[in-house]
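Here's a quick look at one helix pair and one pocket. Have the structure open as you read.

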Amino acid sequence: TLKHCQSLKDALISAGKEIVWHGRTKDEPAHYCNICEVEVFNLLFVRNEDNSQKAYVVHCQHCAQKASMNLENFVVLEQYKMEDLIQVYDQFTLAPPLPSSSS
């Protein structure tokens, strides 16, 4: 949720963990935790597992902290700016109901 994203970001910053802007490409697929396979949104906990190929392995917060409580050797990548997520949320409207076909 939006609140979870903001709370997590605030907690990471308070703990002195740097959050690195990563962004997101238009057709980039969703990211899933390499361990538990839950979808990871916005704040990706990554380890550089293969320095030669720059392959990042994504973890959820829970699995990252199980591996290292203080997130040592993890980099946190941010995919969306909070201002952009808030704007999308504030501008969200439900689509009008489809007309019923009564024949």
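The crossing of α1 and α3 is left-handed. Keep in mind that this is a predicted model. Helix α1 covers residues 2-14 and helix α3 covers residues 82-91, and the two pack at an angle of about 165° with 11 Å between their axes. That angle makes α1 roughly antiparallel to α3, since anything over 145 degrees counts that way.

So who's touching whom? On the α1 side, the contact is made by Leu2, Cys5, Gln6 and Lys9. On the α3 side, Met82, Leu85, Ile86 and Tyr89 do the job. Sorted by class, the contact of α1 with α3 has six nonpolar residues, one polar and one charged.

Now for the pocket. The largest pocket holds about 200 Å³ of space. Its lining is made up of Thr1, His4, Cys5, Leu8, Glu39, Val40, Phe41, Leu43, Phe45, Cys60 and Gln61. Which element gives the largest share of that lining? That's α1, with three residues. Strands β3 (39-40) and β4 (43-50), like α1, each chip in at least two.

Cys5 turns up in both places: in the α1 contact with α3 and in the lining of the largest pocket.

Here's how the two sets of residues break down by class:

| Site | Nonpolar | Polar | Charged |
|---|---|---|---|
| Contact of α1 with α3 | six residues | one residue | one residue |
| Lining of the largest pocket | seven residues | three residues | one residue |

Note on methods:
Residues are numbered from 1 along each chain as its sequence is written. This is a predicted model: local features need pLDDT of at least 70, side-chain atom pairs count only at pLDDT 80 or more; totals for chains, interfaces and linings use all residues. Side-chain values use heavy atoms; hydrogens and water are left out. Axes are lines fitted to C-alpha atoms, for helices over the stretch in contact, and angles run from 0 to 180 degrees between N-to-C directions. Helices (H or I, at least four residues) and strands (E, at least two) are DSSP runs, numbered from the N terminus. Angles under 35 degrees count as roughly parallel, over 145 as roughly antiparallel, 65 to 115 as roughly perpendicular and the rest as oblique. A crossing is left-handed if the near helix is turned anticlockwise from the far one by less than a right angle, and right-handed if clockwise. Contact means heavy atoms within 4.5 Å. Ala, Val, Leu, Ile, Met, Phe, Trp, Tyr, Cys and Pro count as nonpolar, Asp, Glu, Lys and Arg as charged, and the others, Gly among them, as polar. On a 1 Å grid over the protein atoms alone, a cavity is a set of points where a 1.4 Å probe fits but cannot get out, and a pocket is an open set with protein on both sides within 12 Å along at least five of seven lines; lining residues have an atom within 4 Å of a point. Grid points are joined across faces, edges and corners, and a volume is the space filled by probe spheres set on the points.
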